[in-house]
Amino acid sequence: MPVYLQAVETAVPGAAYPQGLLRDIIRQQPELDRRAQRLTTSIFNASGIDTRHSAVLDFQASAQDTPGLFYDPGTGRMLTPGTGARNDFYTAHATELFVRAARQALAACPDVSPAEITHVVTASCTGFFAPGPEYAVVRALGLSPRTQRVHVGFMGCYAAFPALKLARAFCDADPNAVVLVVCAELCTIHMHSAGDPDTLIANSVFADGAAAAVVSARPPAPGALALRLDQFETTLTPPGVGEADMAWTIGDQGYDMVLSTYVPQIIEAHITGALAPLLAHDAALAGVPGAVERWAVHPGGRSILDKVQGSLNLSDEQLRPSREVLRQFGNMSSATVLFILADLRRHAVPGERVCAVAFGPGLTVESGLLTQVMGCAHADPA
């Protein structure tokens, strides 16, 4: 039975920071020696990012303003709130993003009423609270109190894939299921000042954002576009490869991201093999990644996109949506691949295939194969 992404909508918080502004703030922190200052400049300048959004407003304050939770504009110092204070900020500000993205996705499906939502699946790795974001979405949108709820927590940048797989499983089990999937991240609340390369890289790429999708087995309405969820696969790099190079742990001053400079090389070496089981589902695509017309590659960073493009021999146009999302929004962890799919839904033509792929702690590779379809008077064939 076919299952479809009926809508994908995105939301970002109000503060949009130029990459150069954040670079200069990081570079002037006293914890950074001259080598770290030079690294900051080169890492930020080579990031492929122009703008990042953040729920943190502190960095747009003037020198006369009082210090915020994260930054003192008078001294130019980044502050050091504890993990509890950062999580309190997440609880207060992430909820609004979850709800806004969910409401927009539902509004984009005029044939689906709030009463018809049967499941809510949320995903996030940048904070925790209970009752959680899936509960907040049910309450804010006036969904039935019997709506089934699942939260996918702390899985990192690939978490949209487990969330979508859950949604498809619910629809496979019940053809009448209508699932609302919402990913939201406040990565910037975990920025902190340190001179090691892992922290500098994390400070240069991560951003805040949310995206939501409506998933159901209903064929799209006549003339409407939808992405059919064809296949999903997951795999790990070989034992001992990448486990220490991409990790996400809870520290005393927020969450600590390990994103070593070796990650792009690891992905370059293993991406072809990691995608082989997915593409093998279609004989026309097996061993020929370039035959997939559209690509949604999670932009963990510019160098990761470079390595994926080179390894799979993809064209600049095939990587354009991923690079544009990176340029305009940065890496919003789990929400990012949905931003790319939202772009592809607007530009792909019926019949085109889409390969979506994301990387996360482990090193884990999650992937999906989708098809752009247009609704007609008859149901789309499986």
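Which residues does UniProt list for "domain: Chalcone/stilbene synthase C-terminal"? The unreviewed entry gives residues 245-372; UniProt positions follow the numbering used here, feature names are shortened, and annotations may be inferred rather than shown by experiment.

Before the exercises, some ground rules. This is a predicted model, where local features need pLDDT of at least 70 and side-chain atom pairs count only at pLDDT 80 or more, while totals for chains, interfaces and linings use all residues. Residues are numbered from 1 along each chain as its sequence is written, and side-chain values use heavy atoms, with hydrogens and water left out.

**Exercise 1. Describe the make-up of residues 245-372.**

Step one: take the secondary structure. Helices (H or I, at least four residues) and strands (E, at least two) are DSSP runs, numbered from the N terminus. On that basis the stretch is 42% helix and 26% strand.

Step two: look at the ends. The C-alpha atoms at the two ends of residues 245-372 are 35 Å apart.

**Exercise 2. Find the partner of Arg27 in a salt bridge and place the pair.**

Step one: set the criterion. A salt bridge needs a side-chain nitrogen of Lys or Arg within 4 Å of a carboxyl oxygen of Asp or Glu. Searching the whole structure turns up 19 of them.

Step two: name the partner. Arg27 pairs with Asp24, at 2.7 Å from N to O.

Step three: place the two. Both sit in helix 1 (residues 19-27), three residues apart, or about one turn of the helix.

Step four: check accessibility. The classes are buried (under 20% relative accessible area), exposed (over 50%) and partly exposed (in between), using a 1.4 Å probe and protein chains only. Arg27 is partly exposed at 29%, and Asp24 is partly exposed at 31%.

**Exercise 3. Work out which parts the salt bridge between Glu116 and Arg218 ties together.**

Step one: confirm the contact. The closest N and O atoms of Glu116 and Arg218 are 2.5 Å apart.

Step two: locate each end. Glu116 is in the loop between helix 3 (83-107) and strand 6 (119-124), and Arg218 is in the loop between strand 9 (208-216) and strand 10 (225-236), so the pair links parts that are 102 residues apart in sequence.

Step three: add accessibility. Glu116 is partly exposed at 28%, and Arg218 is partly exposed, with 28% as well.

**Exercise 4. Place the salt bridge between Arg320 and Glu317, then look for a network.**

Step one: the side chains of Arg320 and Glu317 meet at 3.4 Å, N to O.

Step two: the two residues are three apart in helix 9 (residues 316-329), about one helical turn. Arg320 is partly exposed at 25%, and Glu317 is partly exposed at 47%.

Step three: now the network. Arg228, Asp230, Asp282 and Arg353 are joined into one by salt bridges that share partners.

**Exercise 5. Decide whether strand 9 is enclosed or open, and find its pairing partners.**

Step one: count. Nine of the nine residues in strand 9 are buried, so the strand is largely enclosed by the rest of the structure.

Step two: split the residues by face. Asp208, Ala210, Ala212, Val214 and Ser216 are buried on one side, and Gly209, Ala211, Ala213 and Val215 on the other.

Step three: find the neighbours. Two strands pair if DSSP finds at least two bridges between them. Strand 1 (residues 4-11) runs antiparallel to strand 9, with seven bridges, and Val8 stands opposite Ala213. Strand 8 (residues 178-186) is also antiparallel to strand 9, over nine bridges, with Leu186 bridging to Asp208.

**Exercise 6. Locate backbone features that go against the general pattern.**

Step one: recall the pattern. Most residues other than glycine have a negative phi, and most peptide bonds are trans.

Step two: list cis peptide bonds. One joins Ala130 and Pro131, with omega about -5 degrees, and Pro131 lies in the loop between strand 6 and helix 4 (133-140). Another runs from Gly362 to Leu363, with omega near 5 degrees; Leu363 is in the loop between strand 14 (353-360) and strand 15 (364-374).

Step three: turn to positive phi. Asn313 has phi near 55 degrees, lies in the loop between helix 8 (302-312) and helix 9, and is exposed at 67%. Ser333 has phi of about 50 degrees, lies in the loop between helix 9 and helix 10 (336-347), and is buried at 2%.
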